[in-house]
Amino acid sequence: MTCEQLQKSYQQQLVKAGVSEHKAEQAAKTLSFQELQIIGEIWQDWGKVVARLG
């Protein structure tokens, strides 16, 4: 994924979590490509944990 794609994905996840679109956009723009990659990995793992708990 490109940095822009990772930013968009992160922004969408924040909005799903209840963050306003503007704040989510600002947060996504402040992160580096490497930080976004790490967050993407964590989110996948977190989704698996939540699915097992549900």
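Here are a few exercises with worked solutions on this predicted model.

**Exercise 1: the aromatic pair**

Work out how many aromatic pairs there are, and classify the geometry.

*Solution.* Start with the count, which comes to one aromatic pair. The partners are Y10 and W43, with 5.5 Å centre to centre and 70 degrees between the planes. Ring centres have to lie within 6.5 Å to pair, and planes over 60 degrees apart count as edge-to-face. So Y10 and W43 make an edge-to-face pair.

Next, place the rings on the chain. Y10 sits in helix α1 (residues 3–16) and W43 in helix α3 (residues 33–53), so the pair ties together parts that are 33 residues apart in sequence.

**Exercise 2: burial of the two rings**

Decide for Y10 and for W43: buried or partly exposed?

*Solution.* The cut-off you need is that buried means under 20% relative accessible area, while exposed means over 50%. Y10 has 15% relative accessibility, so Y10 counts as buried. W43 comes in at 28%, so W43 counts as partly exposed.

**Exercise 3: the largest nonpolar core**

Find which residues make up the largest nonpolar core, and which helix supplies the largest share.

*Solution.* The core has seven residues in all: L6, Y10, L14, A24, A28, L31 and L36. Now sort them by helix. Both α1 and α2 (21–30) supply at least two residues each. The largest share, three residues, belongs to α1.

**Exercise 4: the surroundings of L14**

Take L14 and list what L14 touches, leaving out residues up to four places away in sequence.

*Solution.* First, locate L14: this residue lies in helix α1. Then check burial: the relative accessible area of L14 is 13%, so L14 is buried. With the sequence neighbours set aside, the contacts of L14 are V19, A24, A27 and W43. For a longer-range distance, try Q37, 23 residues apart from L14 along the chain: their C-alpha atoms are separated by 15 Å.

**Exercise 5: the largest pocket**

Describe the largest pocket by its space, its lining and the classes of residue in that lining.

*Solution.* Begin with volume: about 230 Å³ of space lies in this pocket. Then go through the lining, which is M1, L6, S9, Y10, Q13, F33, L36, Q37, I39, G40, W43 and Q44. Helices α1 and α3 each supply at least two of these residues, and α3 gives the largest share, with seven residues. Last, sort by class: the lining has seven nonpolar and five polar residues, and no charged ones. Y10 and W43, the aromatic pair from Exercise 1, are among the lining residues too.

How values were computed
Residues are numbered from 1 along each chain as its sequence is written. This is a predicted model: local features need pLDDT of at least 70, side-chain atom pairs count only at pLDDT 80 or more; totals for chains, interfaces and linings use all residues. Side-chain values use heavy atoms; hydrogens and water are left out. Rings of Phe, Tyr and Trp (its six-membered ring) pair if their centres lie within 6.5 Å; planes under 30 degrees apart count as stacked, over 60 as edge-to-face and the rest as tilted. Helices (H or I, at least four residues) and strands (E, at least two) are DSSP runs, numbered from the N terminus. Buried means under 20% relative accessible area, exposed over 50%, partly exposed in between (1.4 Å probe, protein chains only). A nonpolar core is a set of buried Ala, Val, Leu, Ile, Met, Phe, Trp, Tyr and Cys residues joined through side-chain atoms within 4.5 Å. Contact means heavy atoms within 4.5 Å. On a 1 Å grid over the protein atoms alone, a cavity is a set of points where a 1.4 Å probe fits but cannot get out, and a pocket is an open set with protein on both sides within 12 Å along at least five of seven lines; lining residues have an atom within 4 Å of a point. Grid points are joined across faces, edges and corners, and a volume is the space filled by probe spheres set on the points. Ala, Val, Leu, Ile, Met, Phe, Trp, Tyr, Cys and Pro count as nonpolar, Asp, Glu, Lys and Arg as charged, and the others, Gly among them, as polar.
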